[in-house]
Amino acid sequence: MSKSITIVMPDDMHLHLRHSDMLDFVLRDTVKQFARAIIMPNLSVPIINTKLAVAYRDSILNSLGKIRGDLRCFEPLMTLYLTDTTTTDEILMAKESGVVFAVKLYPNSATTNSHAGVVDLFKNCSKVLDTLQRIKMPLLIHAEVSDHRVDIFDRESVYIDKVIIPLREKFPELKIVIEHVSTKEGVDYVYSSPEYTAATITPQHMLYNRNIIFSGGLRPHYYCLPILKSELHREYLVKAATSGDKRFFLGTDSAPHDVKSKENNCGCAGCYSSYNAISLYMKIFEDVGCISNLEKFASFHGADFYNLPRNKQTLTIYRNENIVPDKISFKNLNIVPLAYGETLQWSI
Ligand code: DOR
Ligand code: ZN
């Protein structure tokens, strides 16, 4: 049994850094494990243009300066929040800035801070989609219909049929990432599609099935969107992630909310995994005997899809039994990390 493994430093291709104290908190955990991260734009004031993206990036770098004197240890890869009124000029400006790497599509009202999300993609965003295809900038999709008449467990598969398939027909070379893919249907779509489609996979969707949300009582810290699915889907995701297929890569969707907002009569969606993301992914890969594919999933496939150079630094992960704390506190914040109370075998 090996005592440690060293891999090229991973990237988190889907991260919610938030702002203010929460930003300091999440960044502190992130930089220990990741050299870069794709930063989600769904702040309460969404990052809908390049000016806001540049200002948000500055605040991340400012926070980084407080944590680590050396700003080169981490690079935030900014994204723009797509709306029904985003213009092609805005997209071109974003590309020109050199700091925006993708555009995020939230269907209106599908999840946290998606109130400004897209109402009618094909009617309102065709020119933007055409531009994204032309400049090879990825479109990152929260692939769930927001029609609340559709069963919550079916919202991803319905979205694939209703939106992704027609989108791909209209824009055959558009780079698409199905974010936090959570179903067999989503994975099968990626398998069936050309080189321009990929998917990120979170730790929670591979560690747990939906039973955990209701095990012995209602457990809000396992509530995220897309919601956890049944065991069949979980196993299918693990197989895709650990197979070495280049279309699947690491994206934690680490989405912290203070305990007061989670343990609430209308609790927020999101699991916080930045605290120990790599240890969690290690567990998933070790349980199926595929540790040798972790580096591809965590450090190569994402960078390759985004046409970024692979990282030069390395990360060593040690076999070291550790218990995940029930709560982490920072200033006035209290966060319950994913896998709280569980014993993990690896740490960094
Ligand atoms: O669980 C989630 N939390 N899913 C999302 O899509 C958004 C995220 C958040 O920002 O809290
Ligand atoms: Zn997310």
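This report walks through some features of a predicted model, from a pair of packed helices to a few unusual backbone spots.

**Two helices that pack together**

Let us start with helix 1, which covers residues 20-30, and helix 2, which covers residues 50-67. Two packed helices are described by the angle between their axes and the distance between the axes. Here the angle is about 65°, and the axes are 10 Å apart. The crossing of helix 1 past helix 2 is right-handed.

Which residues bring the two helices into contact? From helix 1 come Leu 23, Asp 24, Leu 27 and Arg 28. From helix 2 come Ser 59, Ile 60, Ser 63, Leu 64, Lys 66 and Ile 67. Sorted by class, this contact of helix 1 with helix 2 holds 5 nonpolar, 2 polar and 3 charged residues.

**Salt bridges**

Side chains of opposite charge can pair when their charged atoms come close. The model has 12 salt bridges in total. The table lists three of them, with the distance from N to O.

| Salt bridge | Distance, N to O |
|---|---|
| Lys 66 and Asp 24 | 3.1 Å |
| Lys 32 and Asp 29 | 3.7 Å |
| Arg 247 and Asp 245 | 2.8 Å |

You have already met two of these names: Lys 66 and Asp 24 are among the residues where helix 1 and helix 2 meet. Their salt bridge links distant parts of the chain, since Lys 66 sits in helix 2 and Asp 24 in helix 1, 42 residues apart. Is Lys 66 buried or exposed? Lys 66 is exposed, because its relative accessible area is 58% and the exposed class begins over 50%. Its partner Asp 24 has a relative accessibility of 10% and therefore counts as buried, the cut-off being under 20%.

The second pair can be read in a similar way. Lys 32 is partly exposed, with a relative accessible area of 42%, whereas Asp 29 is buried at 2%. In the third pair, Arg 247 and Asp 245 are both buried.

**A lysine with a record**

Now look at Lys 104, which lies in strand 5, residues 100-105. An unreviewed UniProt entry places the feature "modified residue: N6-carboxylysine" at this lysine. Lys 104 is buried, as its relative accessible area is 1%.

What does Lys 104 touch, leaving out residues up to four places away in sequence? Its contacts are His 14, Met 40, Pro 41, Leu 80, Tyr 81, Leu 82, Leu 140, Ile 141, His 142 and Glu 179.

**Helix 8 and the loop after it**

Helix 8 spans residues 203-207, and Gln 204 is part of it. Gln 204 has a relative accessibility of 0%, so this residue counts as buried. Beyond its neighbours within four places in sequence, Gln 204 is in contact with Cys 224, Leu 228, Thr 252, Asp 253, Cys 271 and Leu 338.

Where does Pro 226 lie? This proline is in the loop between helix 8 and helix 9 (231-242). Leu 225 and Pro 226 are joined by a cis peptide bond, with omega about 0°.

**An enclosed helix**

Why is helix 11 described as largely enclosed by the rest of the structure? Helix 11 covers residues 277-287, and 8 of its 11 residues are buried, so the description fits. The buried residues are Ala 277, Ile 278, Ser 279, Leu 280, Tyr 281, Met 282, Ile 284 and Phe 285. After helix 11 comes Gly 289, which has a positive phi near 70°.

**Positive phi beyond glycine**

Two more residues with positive phi are worth finding in the structure, and these are not glycines. Ser 20 has a phi near 55° and lies in helix 1, the helix we began with. With a relative accessibility of 47%, Ser 20 counts as partly exposed.

Lys 331 has a positive phi of about 50°. The place of Lys 331 is the loop between strand 11 (328-330) and strand 12 (333-335). At 57% relative accessibility, Lys 331 is exposed.

Key
Residues are numbered from 1 along each chain as its sequence is written. Chains are lettered from A and ligands numbered from 1 in the order in which they are written. This is a predicted model: local features need pLDDT of at least 70, side-chain atom pairs count only at pLDDT 80 or more; totals for chains, interfaces and linings use all residues. Side-chain values use heavy atoms; hydrogens and water are left out. Axes are lines fitted to C-alpha atoms, for helices over the stretch in contact, and angles run from 0 to 180 degrees between N-to-C directions. Helices (H or I, at least four residues) and strands (E, at least two) are DSSP runs, numbered from the N terminus. A crossing is left-handed if the near helix is turned anticlockwise from the far one by less than a right angle, and right-handed if clockwise. Contact means heavy atoms within 4.5 Å. Ala, Val, Leu, Ile, Met, Phe, Trp, Tyr, Cys and Pro count as nonpolar, Asp, Glu, Lys and Arg as charged, and the others, Gly among them, as polar. UniProt positions are given in the numbering used here, feature names are shortened, and annotations may be inferred rather than shown by experiment. Buried means under 20% relative accessible area, exposed over 50%, partly exposed in between (1.4 Å probe, protein chains only). A salt bridge is a side-chain nitrogen of Lys or Arg within 4 Å of a carboxyl oxygen of Asp or Glu.
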